[in-house]
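Biologist: Before we discuss details, please display the sequence together with the structure. I shall then put a series of questions about it.

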Amino acid sequence: MKYLIVFNFFFWWNSWNDLAFSQSSPLDNRISVDFNSEKLGKALKVIEKKGGFKFSYSRKIVPVQKKMTYQAYNRTISEVLKQILSPLGIEFFQVEKQIVLRRAKASKTESSSPLPATKPKLNHTLSGYIRDLNSGESLIGATIFIEELKSGSITNAYGFYSITIPEGDYTFSYSYIGFKEITKEVNLNQNIELDILLDEDTEFLQEVVVDASKSIPFIENVQKGHTGLLPISVTQMPALMGEHDVIKSLQSVPGIKLFADGSTNFHVRGGDRDQNLILLDEAPIYNPSHVLGLFSTIIPDAAKDINIYKGDLPVQQGGRLSSLIDIKTNEGNLKKLVFSGSLGLAASRLALEGPLKKDKSSFFISARFSNLNWFTKNIASSNANIGFYDFNTKFNVSLNKNNRLYFSFYSGLDNFEDIGNSGIRWGNFAGTIRWNHIFNSKLFSNTTLYSSSYNYYLITSVPNNDRWHSSIANISLKSDFSYFINPENNLYFGAKLSYHGFNPGNYEPGNGILPQSVPVVSKKNTNEIALYAGNEQQFFEKISIKYGLRLSVWQNIGPAVEYDYDENYNPIGARQFSRGKVYNSYAELAPRLGLAYQVGPGFSAKAFYSRSVQNVHLITNSISPFTNFEVWLPSSPNIKPQKADQVGGGLFMKWPQKGLALNGEIYYKWMDNQIDYADHASMILNPYIEGELRFGKGRAYGAEIQLEKKQGKLTGWIGYSYSRSFRKIVEINNGNEFPTYFDRPHEISLFLMQKLGRKWNISTNWIYNTGASYTTPTAFFKFESQTVPIYTERGNDRMPDYHRLDLSVNFQLNRPGNRFKHHLNFSIYNFYGRHNPVYLNFNKTIALNGDLLVPGDLFLPPDQTASYTYIYNFIPSVSYNFKL
């Protein structure tokens with residue numbers, strides 16, 4: 001109830017504030033001024049100060065350097081402005097909290113007076129889509145800037161924009177990174193629909209130029225909580241075996257830590273790996289790994305837009321505690337047929353896109369296949385089947401000017417089989433149907449039906465198809481609404497209904513006959529209902545606020561078997577529930593609040609609070625990077641929802657003329673119902689798996705800073721983060737707090753790219769991390785001729801520090817302007833051959849030649865010698881990419 005009261009207060013405050021200002025116009029205030037050969041710009045500042053408001057104007061229209069002499073005593077501001085500005089051909093009017101100056105209409109004579117400034121002006125809306133001129137793809141996050149008001153807006157996730165302002169003549173500038181800016185003169189005397197086509201800037205790859213005059217404080221403030229990663233940036237980073245990787249590129253973002261070499265597991269701001277939500281066209285991807293983590297499932301060439309939220313999640317999304325990786329895929333070229341592909345050491349890719357009906361509908365199809373199976377059979381002479389594939393497809397159909405449909409599908413599979421023996425197999429599937437609808441020029445909606453699943457198979461007999469199988473799946477329906485009140489006030493609201501199915505792991509014999517000795521683990525089913533509302537708004541020109549509230553209701557439904565446990569986690573009874581029976585539920589409120597203050601041009605400060613709730617939990621006690629063994633369980637009578645409260649603040653500074661931006665944040669996060677495991681927990685074929693879990697509290701804190709250079713032939717960024725992560729669980733570590741295995745305090749990331757003419761560029765990436773926390777023996781004792789380790793404290797030691805340097809060189813083979821584009825990429829992964837340990841092992845002996853051996857004679861006391869295992873040495877690669 002207290003959250004609802006606060007939520008309603010902000011909405012009522014918004015309405016009251018606008019009403020109060022409109023009832024008392026500053027133009028009616030009386031002032032006295034005396035200007036003697038004063039510059040017009042300085043005179044306007046004096047009037048601003050006396051009147052308690054702000055002017056908004058373009059220096060191209062108002063001659064701020066022109067000197068003037070003028071006196072007035074106890075005159076209204078409206079009278080003063082008429083006498084000063086009318087001779088200059090400038091008129092003025094009030095727009096909410098500011099006075100706008102603009103060029104008077106041509107039909108007016110110099111001696112005529114402008115229309116009374118206090119006369120109410122009708123509001124009208126300019127709306128439409130911004131698209132790529134050459135492909136018809138919508139441009140997400142494109143900027144619309146109003147010269148006269150020095151404010152603007154950006155397009156939403158579907159390229160739609162809506163701006164409501166008083167009627168009049170305006171100059172609108174449309175821009176998007178990598179595209180040429182265009183300007184439109186608009187007489188806004190009615191609601192107007194205006195679609196914009198932007199042409200690609202062919203010079204963009206040579207040098208990124210930032211226009212200092214297009215700074216929009218409101219946009220900067222509300223967007224600072226996340227990092228945008230362009231797919232083109234991912235393809236310019238050095239990559240293992242030339243396979244550019246969206247997930248692994250995240251390690252260059254401060255605050256995001258990949259666990260180890262050979263792993264796509266990543267941790268954000270002290271959170272566990274299952275606390276990250278990865279969305280592909282709004283459908284969740286549960287396991288983004290290929291080849292046990294060497295590569296990820298997300299192909300950069302199929303991605304259109306990548307947004308990373310590290311804590312201050314948008315109110316539209318929920319379900320995870322730490323981060324959101326929101327990926328939108330290509331819609332398909334509406335203008336022409338395009339064929340592209342790549343050939344590398346690890347995989348090959350082909351893509352085809354084009355119009356089904358020009359400017360009305362399009363398709364995009366992309367497939368990637370592993371080359372590893374060919375390598376293992378022809379080079380390594382192995383009988384194993386090793387490989388993976390990805391398949392993306394998307395259809396985009398315009399029904400009419402107000403309705404558009406999108407169909408997108410993804411399928412990915414990994415297969416590791418030893419012919420005639422055993423193996424493992426895992427795969428993801430995601431499908432989405434989306435409907436965009438424009439109710440009117442101010443109200444936009446997106447309704448989505450999506451389904452996704454993840455399946456893991458541990459195959460005990462390939463010929464007989466005997467296997468252990470775990471899975472998670474969902475089907476969801478959601479509607480999101482955006483109401484564009486004005487350029488400084490946007491309202492969002494929506495709802496979601498979901499069904500989730502969980503298989504915690506059961507044995508599936510190929511003949512369909514389950515042996516009586518094999519236990520059955522009860523499958524789980526849940527319903528989820530979510531409602532949300534949020535608002536982004538600017539107050540008093542320099543202050544912007546983002547607030548919202550999300551309600552989630554989680555229900556466990558039958559058929560299911562739930563076990564009861566005593567205080568020592570021993571099962572003491574079982575309850576069976578029939579199909580459709582709701583036997584447990586949780587309802588949680590998650591408020592979000594963000595404040596930003598524009599200190600000066602290019603300098604702002606921010607603070608935020610966010611609560612998150614998570615009801616799906618990854619259950620695995622393995623920290624090995626070489627396993628995709630995963631069991632997912634829902635919140636239930638024995639597993640409470642995980643919760644996190646996070647507060648933080650930061651500063652953002654930019655120097656547009658130099659193309660520099662500096663961003664720094666600090667944060668503190670409290671977490672409840674964090675999951676850990678009993679010693680020697682049994683995770684496979686265990687009906688009492690919930691009895692192996694232990695629950696407690698967690699906390700994390702840290703600071704992040706990043707300096708980015710976006711302009712010139714040398715671009716890139718350098719970032720540093722300091723972060724700590726701890727847990728406290730009564731049954732573990734004697735109830736004392738301990739560092740998590742992903743507690744890695746220091747991180748440095750450096751990415752640089754240098755343009756070398758029109759055809760060459762070179763990039764480098766350097767990563768440093770403190771070693772991961774792990775537990776080592778503190779002593780040993782002899783028992784029956786065996787050496788037994790003694791462990792006294794969890795997380796008492798650290799792996800060696802991790803660092804790696806990668807290099808990449810791109811050579812453009814075609815001439816600029818050619819339709820057929822192709823280039824070669826040369827990469828060196830781990831340039832100086834750093835041996836970064838993945839495992840540390842004990843209880844090994846040293847042979848006479850110095851080799852480390854597993855003890856063969858258990859009757860002799862072995863030497864306790866530590867050794868480590870690493871994956872990568874110096875790895876060169878080459879790949880060929882083309883587009884036609």
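**Loops, cores and rings**

Modeller: His680 is placed in the loop between E41 and strand E42 (693-709). Please bear in mind throughout that this is a predicted model.

Biologist: Is His680 buried or exposed?

Modeller: The backbone of His680 has a positive phi of about 60 degrees, although the residue is not a glycine. Its relative accessibility is 80%, and the threshold for exposure is over 50%. His680 therefore counts as exposed.

Biologist: Asp281 also has a positive phi although it is not a glycine. Is Asp281 buried or exposed?

Modeller: Asp281 lies in the loop between strand E17 (276-280) and strand E18 (283-284), and its phi is about 50 degrees. Because its relative accessibility is 2% and the limit for burial is under 20%, Asp281 counts as buried.

Biologist: Which residues are joined by a cis peptide bond, and what is omega about?

Modeller: The proline of this bond, Pro559, is found in the loop between strand E33 (543-557) and strand E34 (560-565). The cis bond joins Gly558 and Pro559, with omega at about 5 degrees.

Biologist: Which residues of the largest nonpolar core touch the most other members?

Modeller: This core has 36 residues. Strands E28 (423-438), E29 (443-461), E30, E38 (616-619), E39 (631-634) and E41 (660-677) each supply at least two of them. The residues that touch the most other members are Ile619 and Trp632.

Biologist: Which residues does Ile619 touch, not counting residues up to four places away in sequence?

Modeller: Ile619 belongs to the core of 36 residues just described. With sequence neighbours up to four places away set aside, Ile619 touches Val631, Leu633, Ile675, Tyr677, Met683, Ile689 and Leu693.

Biologist: How many residues does the second, separate core have?

Modeller: Its members include Leu40, Ile47, Tyr57 and Tyr70. The number of residues in this second core is 26.

Biologist: How many residues of strand E9 (residues 160-166) are buried?

Modeller: Strand E9 pairs with strand E6 (residues 123-132) in the antiparallel sense over seven bridges. One of the bridge partners in E9 is Pro166, which is matched with Asn123. The strand is mostly covered, and the buried count is seven of its seven residues.

Biologist: Phe160 and Phe444 form an aromatic pair. What is the distance centre to centre?

Modeller: A search of the whole structure finds 27 aromatic pairs. In this one, the planes are 20 degrees apart, and planes under 30 degrees apart count as stacked, so the pair is stacked. The pair links distant parts of the chain, with Phe160 in strand E9 and Phe444 in strand E29, 284 residues apart. The distance centre to centre is 5.0 Å.

Biologist: Why does Phe160 count as buried?

Modeller: Phe160 is part of a cluster in which ring pairs link Tyr129, Tyr158, Phe160, Tyr406, Phe444 and Phe484. Its stacking partner Phe444 is buried, with a relative accessible area of 2%. Phe160 counts as buried because burial requires under 20% and its relative accessible area is 1%.

Biologist: Which residue lies over the face of Tyr569?

Modeller: Two arginine placements of this kind may be cited. Arg794 lies over the face of Phe738, at 5.1 Å from the ring centre. Over the face of Tyr569, at 3.7 Å from the ring centre, lies Arg694.

Notes:
Residues are numbered from 1 along each chain as its sequence is written. This is a predicted model: local features need pLDDT of at least 70, side-chain atom pairs count only at pLDDT 80 or more; totals for chains, interfaces and linings use all residues. Side-chain values use heavy atoms; hydrogens and water are left out. Buried means under 20% relative accessible area, exposed over 50%, partly exposed in between (1.4 Å probe, protein chains only). Helices (H or I, at least four residues) and strands (E, at least two) are DSSP runs, numbered from the N terminus. Two strands pair if DSSP finds at least two bridges between them. A nonpolar core is a set of buried Ala, Val, Leu, Ile, Met, Phe, Trp, Tyr and Cys residues joined through side-chain atoms within 4.5 Å. Contact means heavy atoms within 4.5 Å. Rings of Phe, Tyr and Trp (its six-membered ring) pair if their centres lie within 6.5 Å; planes under 30 degrees apart count as stacked, over 60 as edge-to-face and the rest as tilted. A charge sits over a ring if NZ of Lys or CZ of Arg is within 6 Å of the ring centre and within 35 degrees of the ring normal.
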